[in-house]
Amino acid sequence: QVQLVESGGGLVQAGGSLRLSCTASGRTFSRMGWFRQAPGKEREFVAAISRSGGTTYYTDSVKGRFTISRDNVKNTVYLQMNSLKPEDTAVYYCAAGSGYIEAPLGYDYWGQGTQVTVSS
């Protein structure tokens, strides 16, 4: 059974940092990504990483602040989030798939989500 389990969310002040983790069980995935969804908004792409970790993708609003990485031995993907802003507040979802990189439909498996709240 395939499962993606996220951890690491929480409450942080603006300018602070958090690291999200997502551990996959059941199989190893080629591409993994992070999406987020704020109240009343659509789920949006944040970052993605290739199987080897050699290629990464970011949405413009997080470039230079967020870093995605993966440990294939642990079957875990990470999202290091620095210089957090109140507009980063959302539920963050881990996803795995091989379709279009920046669209939710490009991913077949999803975690349950973890809340990130950034206070001003």
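**Figure 1. Ser30 and its surroundings in the predicted model.** In this predicted model, Ser30 sits in the loop that joins strand 3 (18-25) to strand 4. With a relative accessible area of 33%, Ser30 is partly exposed, because this value falls between the 20% limit for buried residues and the 50% limit for exposed ones. When its neighbours within four places in sequence are left aside, the residues in contact with Ser30 are Ile49, Ser50, Arg51, Arg70, Gly97 and Ser98. Phe45 is not part of that list; Ser30 and Phe45 are 15 residues apart along the chain, and their C-alpha atoms are separated by 17 Å.

**Figure 2. Met32 in strand 4.** Met32 is found in strand 4, the strand that follows the loop holding Ser30. Is Met32 buried or exposed? Its relative accessible area is 1%, which is under the 20% limit, and therefore Met32 counts as buried. A view that includes Val77 shows how residues distant in sequence can be placed in space: Met32 and Val77 are 45 residues apart in sequence, while the distance from C-alpha to C-alpha is 7.3 Å.

**Figure 3. Arg36 with its two partners, Glu44 and Asp88.** Arg36 forms a salt bridge with Glu44, in which the closest N and O atoms are 2.6 Å apart. Arg36 also forms a salt bridge with Asp88, and here the closest N and O atoms are 2.9 Å apart. Arg36 lies in strand 4 (residues 31-37), whereas Asp88 lies in the loop between strand 8 (76-81) and strand 9 (90-97), so this pair ties together parts that are 52 residues apart in sequence. Both Arg36 and Asp88 are buried, and for Arg36 the relative accessibility is 5%. Glu44, by contrast, has a relative accessibility of 35% and therefore counts as partly exposed. Which residues belong to the network of salt bridges that includes Arg36? Arg36, Glu44, Arg65 and Asp88 are linked in it.

**Figure 4. The salt bridge between Lys63 and Asp60.** Lys63 forms a salt bridge with Asp60, the closest N and O atoms being 3.0 Å apart. Lys63 has a relative accessibility of 49% and so counts as partly exposed, while Asp60, with a relative accessible area of 61%, is exposed. Across the model, the count of salt bridges comes to 4. The protein chain carries 12 positive and 9 negative side chains, and the centres of these two sets lie 6 Å apart.

**Figure 5. The whole chain, as a setting for the close-up views.** The protein chain has 0 helices and 11 strands, so that its order of elements, read from the N terminus, is written with β alone. Along its principal axes, the C-alpha trace spans about 40 × 30 × 25 Å. For 120 residues, a compact globule would have a radius of gyration near 14 Å, and the 13 Å of the protein chain agrees with this. Of the 120 residues, 42% count as buried, and the chain exposes about 6,100 Å², of which carbon and sulfur atoms supply 46%. Among the contacts between residues at least 6 apart in sequence, 56% join residues that are at least 24 apart.

Note on methods. Residues numbered from 1 in each chain as written. Predicted model: local features only at pLDDT ≥ 70, side-chain atom pairs only at ≥ 80, totals over all residues. Heavy atoms only, no water. Helix = DSSP H or I, 4+ residues; strand = E, 2+ residues; numbered from the N terminus. Rg over C-alpha atoms; globule rule 2.2 N^0.38 Å. Buried < 20%, exposed > 50% of the residue type's maximum accessible area, 1.4 Å probe, protein only. Contact = heavy atoms within 4.5 Å. Areas by Shrake-Rupley, 256 points an atom, 1.4 Å probe, with all protein chains shown as cover. Lys, Arg positive; Asp, Glu negative; His and termini not counted. Charge placed at Lys NZ, Arg CZ, Asp CG, Glu CD. Salt bridge = Lys/Arg side-chain N within 4 Å of Asp/Glu carboxyl O.
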